[in-house]
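Me: I have a model open and would like to learn how to read its features one by one. Could you take me through a few of them?

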Amino acid sequence: MKKIRKAVCSLLLFAAFLMTVFPALTVSAAGTGSVNNMNVVFVLDGSGSMYTTDKDQLRFEALELFLGLSTETGNYMGAVVFDDQIILKQEMQPIQGKADKSELSGKVRKAVSKGDTDIGSAVLEAVRMLKQSGSPDLPSAIILLSDGNTDLPKDRTGAKLAESEHRKAAAIDYARQKEISIHSVCLNANGKAKKEELQEISDATGGTCVEVKKAKDLKDVFNQFYNIIYSTKTTNLVDTKIPKSGELKVPFTIPVIGVKEANIIINTLNPDTTYNLFHPQGYGYTRAELDQMVIRAKTFTVIKIEKPEPGEWELVVRGARRDQVKIDMVYNTDLSLNLEKKEKQTNGQKVLWELSVQAANEGEAVTNEKVYKQYPFWAVVTDPSTGDTKKLELSADGAKSVAEFETEGYGKYKVQAFCEIDDMKVRSNALTVQKANTLPEWKNHPVVIEKKTHLFSKSLYTVDLNTLATDAEDSSLDFQIVDSGFGEEEVFIEDGSKLKVKIKSCGSGSLTVAAVDQAGAASQVQIEIRTSSITGIIVISMILAILLIAFVLCIPIIRSYLAVVRGTIQILTYGEEGTDMPVTFDGEKGRMILARQLHPSQDIGIRLEKCYLTAGEKNSCIYFVSTDGYYSDQDAGQKKKKICIRAGMEVNISSDMDFANGMRIVYMPYQQ
């Protein structure tokens, strides 16, 4: 009994420390699901050493506290218990009430083993469970508990260790892609554990890693993880001794909105301690009613109040005089903010905007004006081009809060609203604000350029595109070739608006040109170039005959210098669903359309039918050419339509700067 008393006192001190270190967290207004619903997998070490480092099995108390705090419905949870193998694999399933929580906890408790430790395989199994059976509408997290690092002493060849490391790397890679945070606990009770492996896993996935020396502290760490994962806060209501009267009254307040569930955590040493709960209307709950609300464990009791009435509540604890009692409160919220914008007034380049914010509680709009008057609402306006921010205080206006701000020109601004309600800092959706703008207009659709040529006509023909397109806001436009049936040296744009055509060599064909205004708005038109010669059929025939003879005579030379890809090309495509098998093929004459070579199993963000490979200079490189333009890891964040792939180098090409999907190309020329 003395040992237990000592352990619980230390636990209370550690919990008090956590309350001071971890402040209120921000609640994000999720587009789908609830802010207090998640996919969570518990990955617990069941190796033989755990019988020494956690002989009282307090890790199960920590798990039960986490389950007790979670909402009665809406969560998807699963568990993996491991040693050097997977001992228990409890697939993801919806948690609906105390029965489901008890069933999950019971299965974890019964999973026993005395093997070694393979962390990589366990984490990969957890990631697989989230991928295959987690709810796609909910964010995901993993809680990993171990008393050491990967340890496989029976692996004489090192093959199993290498496989474990490979699985760990694969799990981290997928967790990053799907924004799955892995929060880990290193139980270093014997001083032999190495935190580095767990720290690396958490750091790589944006999670938190905590090292504890005693198993009794696990409960508080799981409480901390609950706060982080569910964006809530633990508030200490009281930490004292029962007075001489034997009755301790603990008042607490439920705010007017935002609380979906209130969890009262009672820690006391005396199992005979009793308690009662009183509603703001003055009545108390019966023993039968409390039994429906209570989750009990060896070291704590949780009273869960669902949809609590706002107002002043009271918990009465009855027990032996001078018994130590610590009571905390954690509430689950389903509070969100919806931000809207409206262009209120325009004066030249200046625009006056109105921002309005409305709160929603459990999906229903909050229309009580007192809420918007009682609590602070504000917005932050960010200029992405400079990083400068400006805070706007919002004022109550009926069933919402509003503010005005002014912009000048066509700059884009990010706007997001916030509200703080009793330590809950709620964040709205983000909006982009930009002055309204009309699209440029082309005078003709399509634009037709007809030109007759003869032996003495100029070879370069120029068209001022500003004479072909107009814009209501801008006197001059910028023009870009979007797609072209001509070579880049035959038809091109100079100085932003001058279309240059090598009229004698380009022949007839078409290209697509976009007119872009200062705000970035663009409209496209097809330009048809039609050329004809008046030299005569005889002259043309003679020229053709001369060209044919010259061509025949030069065939040996042309063959040796013709733009042919002389080498092997390997392309590997990747995306959200993983990496496809690499495709290898030899070069061929002319353009190699990628849609004829590649058939990825997933969307890689690249229009393959609009991309092709072509030869480079002296067989030392090839070029990736596209009509849209893409990013490569060798062009410092610049989007290009023509990307050089040098011999022997790996070049990643993607439609986004994060390279979340795309392709990797390697070109190996034949040996001369």
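Reply: Happy to; what follows is a walk through a sheet, a hairpin, a helix pair, some buried residues and some backbone details. Please keep in mind that this is a predicted model.

Me: Let's begin with sheets. In which order do the strands of the open sheet of three strands lie?

Reply: The way to read a sheet is to go across it strand by strand. Here the order is β9-β14-β11, and the pairing is antiparallel. The edges are formed by β9 (247-254) and β11 (274-278), each of which pairs on one side only. On average, neighbouring strands of this sheet are turned by 20 degrees against each other, direction ignored.

Me: How many bridges join β9 to β14?

Reply: There are eight, and the two strands run antiparallel, with β14 covering residues 311-318. To find the register on your screen, start at Thr-253, which stands opposite Glu-312 in β14.

Me: Now a hairpin, please. Which residue in the hairpin of β19 and β20 takes a positive phi?

Reply: For a hairpin, look at the two strands and then at what links them. Strand β19 (residues 377-382) is joined to strand β20 (residues 389-393) by five bridges, and they run antiparallel. One position to check is Trp-378, which stands opposite Glu-393 in β20. Six residues lie between the strands of this hairpin, and the residue you asked about is Gly-387, with a positive phi near 85 degrees.

Me: Trp-378 makes me curious about its surroundings. Which residues does Gln-416 touch, not counting residues up to four places away in sequence?

Reply: Trp-378 is among them, together with Leu-339, Ala-379, Val-380, Arg-427, Ser-428, Asn-429 and Ala-430. Gln-416 itself lies in strand β23 (residues 413-421). The side chain of Gln-416 reaches the backbone oxygen of Ser-428 at 2.8 Å.

Me: Is Gln-416 buried or exposed?

Reply: The idea is to compare the relative accessible area with a cut-off, and buried means under 20%. Gln-416 has 15%, so it counts as buried.

Me: And what about Asn-263: buried or exposed?

Reply: Asn-263 is buried, at 0% relative accessibility. You will find Asn-263 in strand β10 (residues 259-268). Its side chain makes a polar contact of 2.7 Å with the side chain of Lys-304. Beyond the residues up to four places away in sequence, Asn-263 touches Gly-68, Leu-69, Val-302, Ile-303, Lys-304, Asp-328, Met-329, Val-330 and Asn-332.

Me: Can we look at a glycine as well? Where is Gly-148 placed?

Reply: Gly-148 is in the loop between β5 (140-146) and α6 (159-177). This glycine is buried, with a relative accessible area of 9%. Leaving aside neighbours within four places in sequence, Gly-148 is in contact with Ile-119, Ala-193 and Leu-198. For a sense of scale, the C-alpha atoms of Gly-148 and Glu-420 are separated by 40 Å, and these two are 272 residues apart along the chain.

Me: Next, helices. At what angle do the axes of α5 and α6 cross?

Reply: Two packed helices are described by the angle between their axes and the distance between the axes. Helix α5 (residues 119-133) and α6 cross at roughly 35 degrees, and their axes come within 7 Å. This crossing is left-handed. On the α5 side the contact is made by Ile-119, Gly-120, Ser-121, Val-123, Leu-124, Val-127 and Lys-131, and on the α6 side by Ser-164, Arg-167, Lys-168, Ala-170, Ala-171 and Tyr-174. By class, that contact has seven nonpolar, three polar and three charged residues.

Me: Last come the backbone details. What phi does Glu-179 have?

Reply: Reading phi starts with its sign and with whether the residue is a glycine. Glu-179 is not a glycine, yet it has a positive phi of about 55 degrees. Glu-179 sits in the loop between α6 and β6 (181-187) and is exposed, with a relative accessible area of 68%. Phe-659, also not a glycine, has a positive phi of about 55 degrees. Phe-659 is found in the loop between β41 (650-654) and β42 (662-669) and is partly exposed, at 25% relative accessible area.

Me: Which peptide bond is cis?

Reply: Here omega is the angle to read. The bond from His-445 to Pro-446 is cis, with omega near -10 degrees. Pro-446 is in the loop between β25 (441-442) and β26 (447-453).

Key:
Residues numbered from 1 in each chain as written. Predicted model: local features only at pLDDT ≥ 70, side-chain atom pairs only at ≥ 80, totals over all residues. Heavy atoms only, no water. Pairing = 2+ DSSP bridges. Helix = DSSP H or I, 4+ residues; strand = E, 2+ residues; numbered from the N terminus. Axes fitted to C-alpha atoms, helices over the stretch in contact; angles between N-to-C directions. Buried < 20%, exposed > 50% of the residue type's maximum accessible area, 1.4 Å probe, protein only. Contact = heavy atoms within 4.5 Å. Polar contact = N/O pair within 3.5 Å; in protein donor to acceptor, adjacent residues only side chain to side chain. Left-handed = near helix turned anticlockwise from the far one by under 90°. Nonpolar A, V, L, I, M, F, W, Y, C, P; charged D, E, K, R; others polar.
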